[in-house]
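Subject: Handing over the structure

Dear colleague,

I am passing on the structure we spoke about, together with some notes on what turned up in it. Please open it beside this message, so that you can find each residue as you read.

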Amino acid sequence: MARDTMTYESYEPDSFDNPPKGPVGVHRGARSVMARLCPFIVVILVAALCGVGAWAWISGEYKNVVGGSSQTATMSKSDSSSKAETKNSTKDDSSSTSTDSSKDSTSDSAKSDTDSDTTSSNENQNSDQQSQQSEAIATVNKATQVRVVNATGIQGYAGQQADVLQTAGYTSVEATNPSGTLPASSVVWYQNETDKATAEDVATTLGISAVEQVQGLAVPITVVLLN
């Protein structure tokens with residue numbers, strides 16, 4: 001039996017016999033020059049750094065680098081501390097100066113207040129004394145009419161006392177004998193309140209302690225002399 005020969009045409013056509021048109025597989029684009037050189041540059045830099053590090057380790061230069069950094073940090077810290085101390089010292093001096101100034105101001109103010117109070121008190125005392133003296137001088141009127149009544153039984157005694165008053169400056173003094181009711185002891189009578197200071201001055205001049213206000217007197221001031 002003869003052997004049949006199998007060829008391409010012996011099979012029925014299917015989907016694989018009519019593939020789509022277009023490129024088949026994945027195609028990469030060409031890389032740039034920097035992309036191709038980058039690995040070489042990295043290798044060169046790493047090798048240079050390793051060389052510098054090995055040289056610094058062998059020659060001992062790394063100690064200077066580390067020591068210089070530490071010294072710089074120490075100096076920076078010292079400068080900061082020094083500045084802080086100077087600032088605190090300035091604050092303390094300022095605070096001390098301010099406190100001393102406040103104390104001095106308070107002391108001066110207290111001293112000034114004390115001096116002012118003392119001066120004011122002295123001025124008030126002097127003013128009161130001057131006022132009293134002026135009032136006494138102003139109210140004693142030696143031109144006031146004064147009558148001296150002799151109830152002692154000693155002849156001429158009223159005239160003697162009248163002379164004493166005239167010597168003291170009184171210009172209107174008369175001596176007379178008693179009439180009516182007499183007091184128990186020597187006394188100076190005055191009628192109006194405005195004559196009180198004059199009556200007290202008359203009593204002091206004649207050495208009489210009793211001074212009384214009496215209404216209905218014939219003259220402003222009457223002196224009654226008794227033993």
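Below I go from the overall layout to a few single residues.

Please keep in mind from the start that this is a predicted model. The protein contains four helices and five strands, and if you read along the sequence you will meet them in the pattern α-α-β-α-β-β-α-β-β. Of the 227 residues in the protein, 15% are buried.

Helix α1 covers residues 33–59, and L45 is found in it. L45 belongs to a nonpolar surface patch of about 610 Å², which is made by V33, M34, L37, F40, I41 and L45. With a relative accessible area of 53%, L45 counts as exposed, because exposed means over 50%. When you look at this patch, it may help to remember that an α-helix has 3.6 residues a turn, so residues three or four places apart point the same way.

The next feature is a contact between charged side chains. Side chains of opposite charge can pair when their charged atoms come close. How many salt bridges does a search of the whole structure find? The search finds one, and it is formed by E174 with R147, whose closest N and O atoms are 2.8 Å apart. E174 lies in strand β2 (residues 173–176) and R147 in strand β1, so the pair ties together parts that are 27 residues apart in sequence. Both partners fall between the limits for buried and exposed: E174 is partly exposed, with a relative accessible area of 30%, and R147 is partly exposed at 27%.

R147 appears again in the largest pocket. Rolling a probe the size of a water molecule over the atoms shows where empty space is left. The largest pocket has a volume of about 230 Å³ and is lined by 13 residues, of which R147, V149, S179, W189 and T222 lie nearest its centre. Strands β1 (146–150) and β5 (221–225) each supply at least two residues of this lining. Sorted by character, the lining residues of the largest pocket divide into seven nonpolar, five polar and one charged.

V149, one of the residues nearest the centre of that pocket, also leads us to helix α3. Q161 is found in α3, which covers residues 157–167, and although Q161 and V149 are twelve residues apart in sequence, their C-alpha atoms are 9.7 Å apart in space. Is Q161 buried or exposed? Q161 is buried, with a relative accessible area of 11%, because the cut-off for buried is under 20%.

Helix α4 (residues 196–206) has several buried residues, namely A197, T198, A199, V202, A203 and L206. V202, which lies in α4, is buried at 0% relative accessibility. The C-alpha atoms of V202 and A168 are separated by 9.1 Å, although the two residues are 34 residues apart along the chain. After α4 comes G207, whose phi is positive, near 75°.

Finally, please look at the loop between β2 and β3 (187–190), where P178 has its place. P178 is partly exposed, with a relative accessible area of 34%. From P178 to G153 there are 25 residues in sequence, and the C-alpha atoms of these two residues are 10.0 Å apart in space.

If you want a place to begin, I would suggest R147, since R147 takes part in the salt bridge with E174 and is also listed among the residues nearest the centre of the largest pocket.

With best wishes,
A colleague

Terms used:
Residues numbered from 1 in each chain as written. Predicted model: local features only at pLDDT ≥ 70, side-chain atom pairs only at ≥ 80, totals over all residues. Heavy atoms only, no water. Buried < 20%, exposed > 50% of the residue type's maximum accessible area, 1.4 Å probe, protein only. 1 Å grid on protein atoms, 1.4 Å probe; cavity = no way out; pocket = protein on both sides within 12 Å on 5 of 7 lines; lining within 4 Å. Points joined across faces, edges and corners; volume = space filled by probe spheres on them. Nonpolar A, V, L, I, M, F, W, Y, C, P; charged D, E, K, R; others polar. Patch = residues over 30% accessible without salt bridge, like charges linked within 9 Å, V, L, I, M, F, W, Y side chains within 5 Å. Areas by Shrake-Rupley, 256 points an atom, 1.4 Å probe, with all protein chains shown as cover. Salt bridge = Lys/Arg side-chain N within 4 Å of Asp/Glu carboxyl O.
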